[in-house]
Structures are given as C-alpha cells and as structure tokens.
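Work through the exercises below with the structure in view. Try each task before reading its solution.

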Amino acid sequence: CYTQLFNLLDFPAGTLPVSSVTEEDEAGMAAWPASIIQEQFGAETDALISSGDIYGPQGDALEEIVRTSCVGSTGLPVSVQVVALPWHEERCLRVMAEIEEA
C-alpha cells in the first residue's frame, strides 16, 4: 500500500477518524464522478470536457469498482492521514491534535 513508502523513508505519519459515511454520502456515489464534476464546474462542465481541459466520466471499470465498493459503507469511518518530514514527529502529532480538536 502507499503508506509503506512513509515507513521506508522514516516519515512520521498517523491516521485519525474525522467523521463517518452517511446515507447521503453513499447515495451520492451512485452518480459519481459526474455529480462531483458538475458540482465543481457547473454550467461550464460540458465546454471544459469538450476542450479537453478536464476529464469527464470515463465509464470504465475503475469507476464501477469505486461505485460498487461504496455500497453498504454507511457508518464506516472517514479518516485522514497526516505525514510530516523525517525528524518532525512533534509537528505531525501537533497537526493530528489540531484536527482531532476541530
């Protein structure tokens, strides 16, 4: 997994839960990624896709895997990972504490 690189390079890292998946989140994945692209770019979405400035929904296997893997995820934790430079363990812990208090 990608986190092994942090261990190999001796980067301090930690993970903490910040919320959990809601039914609304899970329902929103049914139209992913089209819904997210439309939310970000609004009325300009079609023009940006046509010009090649952004990628539209690809309709490929990866998108389907992401959508189907989210089925039944309501209630699961949503976490963030904090990574700092080597020898900056205190900074990593401080950022994690700030996130936890927010």
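**Exercise 1. Is Cys-92 buried or exposed?**

Solution. Take the relative accessible area of Cys-92, which is 4%. Compare it with the cut-offs: buried is under 20%, exposed is over 50%, and partly exposed lies in between (1.4 Å probe, protein chains only). Cys-92 is therefore buried.

A word on the source: this is a predicted model, where local features need pLDDT of at least 70, side-chain atom pairs count only at pLDDT 80 or more, and totals for chains, interfaces and linings use all residues. Residues are numbered from 1 along each chain as its sequence is written, and side-chain values use heavy atoms, with hydrogens and water left out.

**Exercise 2. Which residues form the largest nonpolar core?**

Solution. Start with the rule. A nonpolar core is a set of buried Ala, Val, Leu, Ile, Met, Phe, Trp, Tyr and Cys residues joined through side-chain atoms within 4.5 Å. The largest one has five residues: Leu-16, Val-82, Ala-84, Cys-92 and Met-96. Next, look around Val-82. Its contacts (heavy atoms within 4.5 Å) include Leu-16, Cys-92, Met-96 and Ile-99, with residues up to four places away in sequence not counted.

**Exercise 3. Where is Ile-99, and which surface patch does it help make?**

Solution. Ile-99 sits in helix 6. Helices (H or I, at least four residues) and strands (E, at least two) are DSSP runs, numbered from the N terminus. Ile-99 is partly exposed, at 30% relative accessible area. Together with Val-18, Val-78, Val-80 and Val-95, Ile-99 makes a nonpolar surface patch of about 300 Å². Strand 2 (77-83) and helix 6 (89-101) each give two or more residues to this patch. Patch residues have over 30% relative accessible area and no salt bridge; like charges are joined within 9 Å, nonpolar side chains (Val, Leu, Ile, Met, Phe, Trp, Tyr) within 5 Å.

**Exercise 4. Where are Cys-70 and Ser-73, and what do they touch?**

Solution. Place Cys-70 first: it lies in the loop between helix 5 and strand 2. Ser-73 is in the loop between helix 5 (61-69) and strand 2. Cys-70 is buried at 19% relative accessibility. Ser-73 is buried at 11%. Now list contacts, leaving out residues up to four places away in sequence. Cys-70 touches Glu-26 and Met-29. Ser-73 touches Val-21 and Glu-26.

**Exercise 5. How many disulfides are there?**

Solution. Look for a pair of cysteine sulfur atoms within 2.5 Å. The count is zero.

Technical notes:
Areas by Shrake-Rupley, 256 points an atom, 1.4 Å probe, with all protein chains shown as cover. Salt bridge = Lys/Arg side-chain N within 4 Å of Asp/Glu carboxyl O.
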